[in-house]
Amino acid sequence: MPRASRQPEEALGAFINRKASAYLALTKPRVVELLLVSTLPTMIFAERGFPSVWLMISTIVGGAMAAGASGAFNCYIDRDMDKLMKRTKGRPLVTGDLTPKEALVFSWALAIASLVVFWFGTNPLTTALGLAAILLYVVFYTLILKRRTAQNIVWGGIAGCMPVLIAWAAVKETIEWPAVILFLVIFLWTPPHYWPLSMKYADDYNAASVPMLGAIANARRVSVQVVLYAWATVVCSLLLVPLGGAGIVYTVVAGVAGLWFVYESHVLYREAQADHKPAEVNRKAMKVFHISITYLSIVFLALAIDPFVGSPLLP
């Protein structure tokens, strides 16, 4: 094929790839991945085995689409502040790879599609919870809380807790105590996960006038909150033994991983209370941020393995 005739095809291919990459970035895939870490293990624990393949696929796909739609709406609403923050300057609405109209249409289409998948693949309760998750993130967190209160990530984090309720409802068609405990675990985990990140990017949040606690409070105060929430997270996770029928695998792993998470939170606390250089404190803060992700992943992996090894510790 002559070079001249290949150029339009190459240009079209590059355009399609750029648009596809931009739409994917709009969904915040790393956040979606983190949310889905809790979905399948919760379904397995609820079923005490593997649910049907169709139910697992429907719940995971519907959940990924709902989380992606929420992220896309968030990018659309926050495009004004994203251009002011170094951490978010590469988002597609800032770079111009997508127009606001394209992002909004995509957000609505993905949200509606997620509810269709939930409706036909699961049950009405799961569908309602999927809708609630989108509304909580887009309206309650992004539109109402994020720019108004330093407690934005605490209450706004409820949206991130919804996947465990969605997963449990998909299997059981109701909400039971184990699902509530797992909900509270993620609820309590969110501040010590996110506040260390906001310590690192305090300048970004202050430039965009977003009152994240890690950005507007000193390191001493934030580190105290991180320790308290880390302890609360671990204690709550162990409630699954007396109230949720957890066995030896979950109990041991949640206990050991929890001690690690709490220990690293205390290291951050000591650094902050000693008034070490901000760069050193931020380094410890980011370590806690990354460890928090590993901690949650380990706990939910243990949750998935637990039904296959032994029996509940407490009948």
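How many helices and how many strands make up the secondary structure of the protein? Colour the whole chain by secondary structure, bearing in mind that this is a predicted model, and the protein shows 17 helices and 0 strands. The radius of gyration is 21 Å, close to the 20 Å that the globule rule gives for 315 residues, so the protein is as compact as a globular protein of that length.

Next, keep the C-alpha atoms alone and orient the view along the principal axes, where these atoms fill a box of roughly 70 × 55 × 40 Å. If you then turn on the contacts between residues at least 6 apart in sequence, 75% of them join residues at least 24 apart.

Now switch to a surface representation, which exposes about 14600 Å², with carbon and sulfur atoms supplying 68% of that area. Of the 315 residues, 50% count as buried. Selecting the charged side chains brings up 26 positive and 18 negative ones, and the centres of these two sets lie 6 Å apart.

For the last stop, select Lys-146, which sits in the loop between helix 8 (124-145) and helix 9 (152-156). Is this lysine, Lys-146, buried or exposed? Its relative accessibility is 9%, and Lys-146 therefore counts as buried, the cut-off for that class being under 20%. To see what surrounds Lys-146, leave out residues up to four places away in sequence and display its remaining contacts, which are Asn-74, Asp-78, Met-81, Tyr-141, Asn-152, Val-210, Pro-211 and Met-212. Among these neighbours, Asn-152 belongs to helix 9 (152-156), while Tyr-141 lies in helix 8 (124-145).

Definitions and conventions
Residues are numbered from 1 along each chain as its sequence is written. This is a predicted model: local features need pLDDT of at least 70, side-chain atom pairs count only at pLDDT 80 or more; totals for chains, interfaces and linings use all residues. Side-chain values use heavy atoms; hydrogens and water are left out. Helices (H or I, at least four residues) and strands (E, at least two) are DSSP runs, numbered from the N terminus. The radius of gyration is taken over C-alpha atoms; the globule rule is 2.2 Å times the number of residues to the power 0.38. Buried means under 20% relative accessible area, exposed over 50%, partly exposed in between (1.4 Å probe, protein chains only). Contact means heavy atoms within 4.5 Å. Accessible areas come from the Shrake-Rupley method with a 1.4 Å probe; for residues, only the protein chains shown count as cover. Lys and Arg count as positive and Asp and Glu as negative; His and the chain ends are not counted. The place of a charge is taken as NZ of Lys, CZ of Arg, CG of Asp or CD of Glu.
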